[in-house]
Amino acid sequence: MSENNYKHWKPEEDQDGIVWLHLDQADTSTNVLSYEVLGEFEQLLEVYTNQPPRGLIILSDKSSGFIAGADVKEFGHFESEDEAKQTIERGHRIMNQLENLRCPTVAVLKGFTLGGGLELALACKYRVADRDYSTKLGLPEVKLGIHPGFGGTVRLIERVGILKAMDMMLTGRNISASAAKRMGLLAYSVPERHLLEAARNTVLKPPKPKPLPWWLKLLNNKQLRPLLAKMFVKQVSKRVSRNHYPAPFALIELWCRHYGNRERMLREEATSVARLITGHTAQNLVRVFLLQEQLKSLGRMNDYAPKHVHVIGGGVMGGDIAIWCALQGFNVTIQDQKHETLAKVLKRAYKLYKRRLKRPLRITEALDRLTPDMAGNGLVKADIVVEAIFEDATVKRELYKTIEPKLKADAIIATNTSSIPLEELCDVLEDQGRLVGLHFFNPVAKMPLVEIVCGKATSDDARNRASAFTKKISRLPLPVISSPGFLVNRVLMPYLMEAVELAREGVPLKIIDDEATAFGMPMGPIELADTVGLDICLKVAENLGQHMGMDVPELLKQKVEQKLLGKKTGQGFYRFEKGKAVKPAPDKHYTPHADIQDRLIMRMLNEITACLRDGVVESEDLADAGVIFGTGFAPFRGGPVHYIHERGAEQLIKLQEKLASRYGDRFKLDEGWNRFISPDQDN
Ligand code: NAI
């Protein structure tokens, strides 16, 4: 096979008659199973079905991994459930053909092997994997509102048993190569240098497949399935509601009803995914996925390769930012005025690294990258300086004056300020363009978004570098203009303040939170305020109040005066036990007013509309992305702006006007709503 007629695949036959089939999808850095890639694969399988080689080894030529899944961009194109089903059935035919080849088949896995990629590997007789920690196997389909749809539900259960398979499919979590080996998913898990040899040996001396233990097989028994299914449903219901996220429930039902009849279960898998994928939830979750890709693409600046980060201020934020950057592979120096603060940072770092990295060598390596630096020696080599000292413009300005002369000419200064306009900080600098905001959220290790705050003087170069840096530390950059509250706090605060107002009116706290979670928020606003810290909420709210005339409820001020700050003090609105809010059950006879949810959500929607009018972000898509990744706004609704479009602006405007007549000016309709009703507004 000297001439290659394929755009994405490269078959090579070795002297033993083994075909090494390389996937190197054209014009992209990551392999996905696009329509075209699968089409060529089908043609190749046709050849191998007619003339089976001695063995077929499928491998990737990309450094990013094996195959990252199906092509999510194609998910939005289906006109009907029928059309989706045909596409899925085509995938089934291809996987079945691979499974039925009359020769040993081996998938060589390293890096990411996800979704359809893992399903393809499962249709091979064997899998071998690089045992490096960068190898990640998973079926994350539930995160997109579907479940595996290329035969993966059947094959994974057959391979590893129902308990492990359901755990992987219902949570969508990735597993390491060693975990995969332990559960029987891999023939070999070896160091990268032995990977190809392991694949070759697997073809030449195919290992005997290990059957599942009898008790695991028993769990698939017709009588036991309904009992176990009930348990799975109970587990899933604790995390998500069936109305909002139907996919995990559909998966459990698929197994419960059809396992045991392989052909039927495969057929029903296709029907189920076709239904899910064309449904509301999946379409919106696909939208969220694509928004995430859009944010990542803002961080692409290929020729920027920062190495050293210097963080000033080792408190709650600076400490965690430094810890995170070192975890992500950067050399970090962390400066503070106090020794004790730096000692605390190292202690926190050890705790996080131990949890995340597990292996002692990797923990030591990460700790080695994080250097306490009272004297600020790291300034001279820093490519980026992150400032996270007290929220005080005078103190910050003083600091900038002293550090600038020590910096490299192209180093940027990134402030984590949450409220001070960059214009009030930059004029002490020789090079004002180098100041940009990097607004991280607390806790840094959990919050995926970073607002890239641009003042009037911020240079494009500083903005691009800050975005690229954010992407390099596995965070999502969202460019916003320097204006009060930026995007996320500005949209979040009115919602939280409305919740406090409801609490003041005597609405039971649990009811307020339940109304928000019923809408799809991951956590109710009262619990969220307690978690963020009521002192922090008060500070942000007062700042917004000052600039935008938002009222700050007295009740919040009282709580802070009484030092009831929330989770961190064990008592805020709720009492916290072992880090969990204790929510008293409301009085049985209490009947809540029907508009609680509307009041909470409309405050948010009105504010996002105002942000668009003020040009805080560049587009509606970026506004949605920011609010979803910054506040957790119900992902299955596709974002607040998308929700306005879906539910209909006219209807929401009427609702807002009704609330304004009932509750006054805080519900005053923002002029920005016009963009949704006048057809010539751009998106
Ligand atoms: P913090 O009070 O916990 O930490 C500030 C640290 O800076 C202290 O350890 C202090 O010793 C140190 N420091 C002060 N002046 C210094 C100087 N000249 N040189 C070296 N170290 C100095 O404050 P926190 O909460 O970490 O906030 C820091 C910044 O991050 C503020 O601008 C704040 O607005 C912002 N922010 C805070 C968030 C939060 O949830 N706490 C969220 C997002 C931003």
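**Entry 1: Lys563.** I looked up Lys563 and found it in the loop between helix 22 (554-561) and strand 19 (575-577). The model I am reading is a predicted one. I noted that phi of Lys563 is near 60 degrees, a positive value in a residue other than glycine. I then asked whether Lys563 is buried or exposed. Its relative accessibility is 61%, and the cut-off for exposed is over 50%, so Lys563 counts as exposed.

**Entry 2: Ser474.** I turned to another loop, the one between helix 17 (460-472) and strand 18, where Ser474 lies. Ser474 is not a glycine, yet its phi is positive, near 60 degrees. Its relative accessibility is 43%, which lies between the limits of 20% and 50%, so I recorded Ser474 as partly exposed.

**Entry 3: Strand 17.** I followed the chain to strand 17 (residues 449-454) and asked how many of its residues are buried. Six of the six are buried, so strand 17 is largely enclosed by the rest of the structure. I recalled that side chains in a regular strand alternate between the two faces of the sheet. In strand 17, I listed Leu449, Glu451 and Val453 as pointing one way. Val450, Ile452 and Cys454 point the other way, and the residues of both groups are buried.

**Entry 4: Partners of strand 17.** I recalled that strands of a sheet pair through backbone hydrogen bonds, in a parallel or an antiparallel manner. I then looked up which strands pair with strand 17. Strand 16 (residues 435-439) pairs with strand 17 in the antiparallel sense, over three bridges. In this pairing, His439 has Glu451 as its bridge partner. Strand 18 (residues 476-481) runs parallel to strand 17, and six bridges join the two. Here I found Val453 opposite Val480 of strand 18.

**Entry 5: A cis peptide bond.** I examined the loop between strand 16 and strand 17, which is the place of Pro443. The peptide bond that joins Asn442 and Pro443 is cis, and I noted an omega of about -5 degrees.

**Entry 6: A sheet of four strands.** I looked up an open sheet with the strand order 4-6-8-9 and found that its pairing is mixed. Which strands stand at its edges? They are strand 4 (65-67) and strand 9 (174-175); each has a single partner strand, so one side of each is left without a neighbour in the sheet. Strand 4 runs parallel to strand 6 (residues 112-114), and two bridges join them. Within this pair, Ile67 stands opposite Thr113 in strand 6.

**Entry 7: Helices 2 and 3.** I checked helix 2 (residues 81-99) against helix 3 (residues 116-123); their axes come within 8 Å and cross at roughly 35 degrees. Helix 2 makes the contact through Met95, Leu98 and Glu99, and helix 3 through Glu119, Leu120 and Ala123. I sorted these residues and obtained four nonpolar, two charged and no polar.

**Entry 8: The whole chain.** I closed with the chain itself, which has 27 helices and 20 strands. Its radius of gyration is 27 Å, close to the 26 Å from the globule rule for 683 residues, so the chain is as compact as a globular protein of that length. The C-alpha trace spans about 75 × 65 × 55 Å along its principal axes. I noted that 55% of the 683 residues count as buried. The chain exposes about 31,100 Å², of which carbon and sulfur atoms supply 50%. Among contacts with a separation of 6 or more, 74% are between residues 24 or more positions apart.

Key: Residues are numbered from 1 along each chain as its sequence is written. This is a predicted model: local features need pLDDT of at least 70, side-chain atom pairs count only at pLDDT 80 or more; totals for chains, interfaces and linings use all residues. Side-chain values use heavy atoms; hydrogens and water are left out. Axes are lines fitted to C-alpha atoms, for helices over the stretch in contact, and angles run from 0 to 180 degrees between N-to-C directions. Contact means heavy atoms within 4.5 Å. Ala, Val, Leu, Ile, Met, Phe, Trp, Tyr, Cys and Pro count as nonpolar, Asp, Glu, Lys and Arg as charged, and the others, Gly among them, as polar. The radius of gyration is taken over C-alpha atoms; the globule rule is 2.2 Å times the number of residues to the power 0.38. Buried means under 20% relative accessible area, exposed over 50%, partly exposed in between (1.4 Å probe, protein chains only). Accessible areas come from the Shrake-Rupley method with a 1.4 Å probe; for residues, only the protein chains shown count as cover. Two strands pair if DSSP finds at least two bridges between them.
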